Structure formats: structure tokens, C-alpha cells
Amino acid sequence: MTGKVFLAGGFRGNMSSSMKECLQLQLLEMEMLFSMFPNQGEVKLEDVNVLTNIKRFLEGTREALPPKIEFVITLQIEEPKVKIDLQVTMPHSYPYAALQLFGRSSELDRQQQLLLNKGLTSYIGTFDPGELCVCAAIQWLQDNSASYFLNRKLVYEPSTQAKPVKNTFLRMWIYSHHIYQQDLRKKILDVGKRLDVTGFCMTGKPGIICVEGFKEHCEEFWHTIRYPNWKHISCKHAESVETEGNGEDLRLFHSFEELLLEAHGDYGLRNDYHMNLGQFLEFLKKHKSEHVFQILFGIESKSSDS
């Protein structure tokens, strides 16, 4: 694609150029654009009837001056793989009046987009009156826009890396009077496995839940399982620590599972059976959480070795 389109003969002096001749040139450039971008939707006219109305005006079947041609062309930039929307407005006296152009991309911040359009406007400003320049503007964007995207990475990525994001790792110990119902047990397990949390749910009477992971995940877990009306449940204890890593080294559990212990005494499978707290204490010891026993039950744990 050549950089500029020169018009044979040209029009010397903006004031002497006729409106109809300018509109004929605009139609000519639009034909060129539609041949370059033949796929539907690549060139989006603000008014789908504008070209027809201009032709009618030129033919004399329309007296009123037609609207200005306004459209957007979506450009695919190969490196990096990004899209730029080029918004174009042709004043009635273009190409003798300045073309209005603006490029935007979701991959550019406001400052970089400003610099891109400043470079594009500066380039278009080198054209002489009477030169068609939309095709040249497209070529300039395809040839030069990559540097604006790359500059954004160079400027902003190091500063992001220099300040590691700190996360709060949280462990919540939740106490319930009992956890029996199958649908509730299923809900707790499903929520725990859906979120990036580890821990356990001890069913029976009492019911104990431990959930650990990043703060936002644990809080979502807590909100989800207690909503809307689980009354006999409370968070008895919470432990948190700031971390710059993924928190894996802080976890005491490897997954989120249901903990089934033997019933204490002769309660068997009755709905009022109490879980064997001695077994639960041993479980806590294995997971370096013995200190939580007294917090949960108000009973000091006694070592089985004593």
C-alpha cells in the first residue's frame, strides 16, 4: 500500500474546490476501503444510508446536504496480537479539510493511547490538501502501532514486578452444634472443593469445620455455607498471616474432605450421637493444631503420653 494517494490535477485553493468534487473523492476512497476490508463488519458505517444519500445528492435527486461520512475500521495488528479501532470522520470538504481520526484499543492505557493518536495526527499533518489519506493512516497504524504496545510493557511491567502483591492467608475454625443432614454435608464439601481452600468438615455432634486459604476464598466459603439461616454456627477462631507467595507452604491440610470419627459411647447411629473428641484431638495433633482444642471446647487438651 502506498503512503499517499495523489489526485490528478488536484484543486488549488480550498475555497475554490467544489463540494460535489470532494464528495466524489470521498466515495472513491470508501470504495477502496471496502475492497481492502471486504468482510462484513470490518468497516462499520455510523449511518448505513450515508453513501446512498451522497450518491443521490451528486445525481441531483436529493437537495439537502447529506450527513458526513463517519465509520470505524477494526484493524488486526499481528505483533503483538491486538486490535485497534480506527474511528474516522470525513468533513464535507475533505480531502481539502483535515480528516478527523482517532485510534483506540482496550490494550492501551489512556497515556499510551494519547501518544498513539498524537503520532498518527502528526503523520496525517504532512499530507497536502487534496490528498486522500485514510488508507495511508491505516498503513501507518499497521507499521507503527506495535511500538506503543511494547513501550507500555517496558514502562509498566517492571514497576509491577518490583512490588510483589501481598495476600492474606487465613485459617478459620468454625463450630456448629451439630452437622447431620446429607444435603448440608454435600453443600459444605461442594463449596470447599469449588473454592481454592483446604481443611475438613467433621460431621456429627458437635460439627467442626476448618477452612484455610486466601482470605477472600475463606470468607466466600463462610458466607456461602451459613447463608441464609444456619443459626447454630460460629467462627470460634481465625489465624491469618501476610504472604507474597501462593500460600501452599502455610497449609496444614492437602485437600478439603469430610472427617468421620467414631461415635462416643453407645449412641450408635442415633441423631444425637457425640463425636469421639479423643480421636479428634489426635487428629488435630497430627495437623499441628492441638492448641485449637481448648478454643473450640473450653477444655484443656491432655497429652495421651502423660
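**Reading a predicted model, one call at a time**

Biologist: Where is Lys288 placed?

Modeller: Lys288 sits in the loop between α8 (277-286) and α9 (292-297). The model is predicted.

Biologist: Why does Lys288 count as exposed?

Modeller: Its relative accessibility is 69%. Exposed means over 50%. Lys288 is therefore exposed.

Biologist: What makes the phi of Lys288 worth a remark?

Modeller: Phi of Lys288 is near 55 degrees, a positive value, and the residue is not a glycine. Most residues other than glycine have a negative phi.

Biologist: Which residue just after α2 takes a positive phi?

Modeller: Gly60, at about 90 degrees.

Biologist: What puts the buried residues of α2 on the same side?

Modeller: Start with the list for α2 (residues 50-59): Val50, Leu51, Asn53, Ile54 and Phe57 are buried. They cover an arc of only 160 degrees around the axis, so they lie on the same side of α2. An α-helix has 3.6 residues a turn, so residues three or four places apart point the same way.

Biologist: What do the buried residues of α2 pack against?

Modeller: Three elements: α1 (19-36), β1 (43-45) and β2 (69-77).

Biologist: What makes α4 a mostly covered helix?

Modeller: Eight of the eleven residues in α4 (residues 134-144) are buried. They are Val134, Cys135, Ala136, Ala137, Ile138, Gln139, Trp140 and Leu141.

Biologist: How do you know that Cys133 is too far from Cys135 for a bond?

Modeller: Cys135 holds the closest cysteine sulfur to that of Cys133, and the distance is 9.3 Å. A disulfide needs the two sulfurs within 2.5 Å. The pair fails that test, so there is no bond between them. The structure holds zero disulfides.

Biologist: Are Cys133 and Cys22 buried or exposed?

Modeller: Cys133 has 4% relative accessibility, and Cys22 has 1%. The cut-off for buried is under 20%. Both are therefore buried.

Biologist: Why is Glu212 called buried?

Modeller: Its relative accessibility is 0%. That is under 20%, so Glu212 is buried. Glu212 belongs to strand β7 (residues 207-214).

Biologist: What lies 2.8 Å from a polar atom of the side chain of Glu212?

Modeller: The backbone nitrogen of Phe253. A polar contact needs N or O atoms within 3.5 Å. At 2.8 Å, this pair is inside the limit. Beyond four places in sequence, the contacts of Glu212 include Phe169, Arg171, Asp196, Cys218 and Arg251.

Biologist: Why does Asn117 count as buried?

Modeller: Asn117 is in helix α3 (residues 110-124). Its relative accessibility is 6%. Set against the limit of under 20%, that makes Asn117 buried.

Biologist: Which backbone oxygen lies 2.9 Å from a polar atom of the side chain of Asn117?

Modeller: That of Gln113. Not counting residues up to four places away in sequence, Asn117 touches Leu101, Phe102 and Gly103.

Biologist: What makes Ile188 count as buried?

Modeller: Ile188, in helix α6, has 0% relative accessibility. Under 20% means buried, so the label holds for Ile188. Leaving aside neighbours within four places, Ile188 is in contact with Ile179, Cys201, Ile209, Phe221, Ile225, Trp230 and Phe256. Phe221 is 33 residues away along the chain, yet the two C-alpha atoms are separated by 8.4 Å.

Biologist: Which element gives the largest share of the lining of the largest pocket?

Modeller: The largest pocket has a volume of about 270 Å³. Of its 16 lining residues, the closest to the centre are His178, Gln181, Leu184, Asn229 and Trp230. Two elements, α6 (182-194) and α7 (215-226), give two or more residues each to the lining. The largest share, three residues, comes from α6.

Biologist: Where are Pro95 and Pro206 placed?

Modeller: Both are in loops. Pro95 falls between β3 (82-90) and β4 (100-104). Pro206 falls between β6 (198-202) and β7.

Biologist: What kind of peptide bond joins Tyr94 and Pro95, and what kind runs from Lys205 to Pro206?

Modeller: The bond joining Tyr94 and Pro95 is cis, with omega about 15 degrees. The bond from Lys205 to Pro206 is also cis, with omega near 0 degrees. Most peptide bonds are trans.

Biologist: How many helices and strands does the protein have?

Modeller: Nine helices and nine strands. Of its 306 residues, 41% are buried. Among contacts with a separation of 6 or more, 66% join residues 24 or more positions apart.

Conventions:
Residues are numbered from 1 along each chain as its sequence is written. This is a predicted model: local features need pLDDT of at least 70, side-chain atom pairs count only at pLDDT 80 or more; totals for chains, interfaces and linings use all residues. Side-chain values use heavy atoms; hydrogens and water are left out. Helices (H or I, at least four residues) and strands (E, at least two) are DSSP runs, numbered from the N terminus. Buried means under 20% relative accessible area, exposed over 50%, partly exposed in between (1.4 Å probe, protein chains only). A polar contact is a pair of N or O atoms within 3.5 Å; within protein, one must be able to donate a hydrogen and the other to accept it, and residues adjacent in sequence count only if both atoms are side-chain atoms. Contact means heavy atoms within 4.5 Å. The arc is that of the directions from the helix axis to the C-beta atoms. On a 1 Å grid over the protein atoms alone, a cavity is a set of points where a 1.4 Å probe fits but cannot get out, and a pocket is an open set with protein on both sides within 12 Å along at least five of seven lines; lining residues have an atom within 4 Å of a point. Grid points are joined across faces, edges and corners, and a volume is the space filled by probe spheres set on the points.
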